[in-house]
Amino acid sequence: MIILGIDTSQAASVALVDTTTGAVLAAEQAADQRHHVEFIGPALARVLERAEVPELVVTGTGPGPFTGLRVGIAAGIAVGLARDIPVRGILSQTAIAEEVRRSRAARGDARPGADAGLVLIAGDARRKEVYASVWDAAAETMLSGPLVAKPAELATELAAHDIDPEAVGQRFGRGFALYPEAIGESADSDIVDPKAEHLAFAAARVLGSGGELGDPVPEYLREPDAAATPVRQTLLK
């Protein structure tokens, strides 16, 4: 299956993959976590210049910042409508778990993660907080999350969700680059943000196992910074 992946939960990313052959046909990743609007249109245009036609659009549903996350989901829905193909959603940190699994396979690990403890993924939630999720040692099944917490309180938050912080043996994601003293260092500094190609491969793995993908609905975890405009009171009739 040819899948178009889009994620804007952290740094924006777009990719077209052939999940049958495992080939990444085209992929683009933004250099930073901002300018999602400026990046997504031109990147999609270049990726979709390929002769291969996507049969499915998969968007990362976060968690992520309000504006950035909506950009990717809206772009995915627009492509789906324009090409009359389905659009589905999957949690963005699933892409990092998939990249962990695929990097292990590329190294030829005989028992990937079997003895290394649980996998903790942490992204940048802004406001000096992280988005986190916990996966089994093989990075195949999410055990808890996603959740949002201050770095210094992450261990307590994990324990509140029935995860023993001492059982975590591997860490991946931008959160560990930002707050290493509070939550530890990443096991692989090259695995930072969700990548659209891994999002697409993760979606294909879900479908291949008989599972279902979700709707392209954003996962925010908290209220927006902007407050609603108050209704003005007047005595005029």
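User: How many residues lie between β2 and β3 in their hairpin, and which glycine in the turn has a positive phi?
Analyst: This is a predicted model, in which local features need pLDDT of at least 70, side-chain atom pairs count only at pLDDT 80 or more, and totals for chains, interfaces and linings use all residues. Residues are numbered from 1 along each chain as its sequence is written, and side-chain values use heavy atoms, with hydrogens and water left out. Strands are DSSP runs (E, at least two residues) and helices likewise (H or I, at least four), numbered from the N terminus. β2 and β3 form a hairpin with 4 residues between them, and the turn residue with a positive phi, about 80°, is glycine 22.

User: Over how many bridges do β2 and β3 pair, and which residue in β3 stands opposite valine 14?
Analyst: Two strands pair if DSSP finds at least two bridges between them. β2 and β3 (residues 23-29) are antiparallel and pair over 6 bridges. Opposite valine 14 in β3 stands glutamate 28.

User: Which strand does β2 pair with over 6 bridges through the hairpin of 5 residues, and what stands opposite leucine 4?
Analyst: The hairpin of 5 residues leads from β1 to β2. β1 (residues 2-7) runs antiparallel to β2, with 6 bridges joining them. So the partner strand is β1, and leucine 4 stands opposite leucine 16.

User: Is β2 mostly covered or mostly open, and how many of its residues are buried?
Analyst: Buried means under 20% relative accessible area, exposed over 50%, and partly exposed in between, with a 1.4 Å probe and protein chains only. In a regular strand the side chains alternate between the two faces of the sheet. Ser13, Ala15 and Val17 point one way from β2, Val14, Leu16 and Asp18 the other, and all are buried. β2 (residues 13-18) is mostly covered, the buried count being 6 of 6.

User: Which element gives the largest share of the largest nonpolar core?
Analyst: A nonpolar core is a set of buried Ala, Val, Leu, Ile, Met, Phe, Trp, Tyr and Cys residues joined through side-chain atoms within 4.5 Å. Of the 21 residues in the largest one, Leu4, Val14, Phe39, Ile40, Leu44 and Val57 touch the most other members. Two or more residues each come from β1, β2, β3, α1 (36-47) and α2 (66-83). The largest share, 5 residues, comes from α1.

User: Which residues does leucine 44 touch, not counting residues up to four places away in sequence?
Analyst: Contact means heavy atoms within 4.5 Å. With residues up to four places away in sequence not counted, leucine 44 touches Leu4, Ile6, Val14, Ala75 and Val79.

User: Which strands stand at the edges of the open sheet of 4 strands?
Analyst: The order is β8-β7-β6-β9, with mixed pairing. Each edge strand has a single partner, so one side of each is left without a neighbour in the sheet; these are β8 (142-149) and β9 (168-172).

User: Is serine 144 buried or exposed, and what is its relative accessible area?
Analyst: Serine 144 lies in strand β8 and stands opposite valine 134. Not counting residues up to four places away in sequence, serine 144 touches Ser133, Val134, His161 and Ile163. Serine 144 is buried, at 8%.

User: What area do domain 1 and domain 2 bury between them?
Analyst: An automatic or database assignment sets the domain bounds, giving domain 1 (2-92 + 194-209) and domain 2 (113-183). In contact are 8 residues of domain 1 and 9 residues of domain 2. Buried area is the accessible area (1.4 Å probe) that two parts lose on being put together, summed over both. With 50% of it on carbon and sulfur atoms, the area is about 840 Å².
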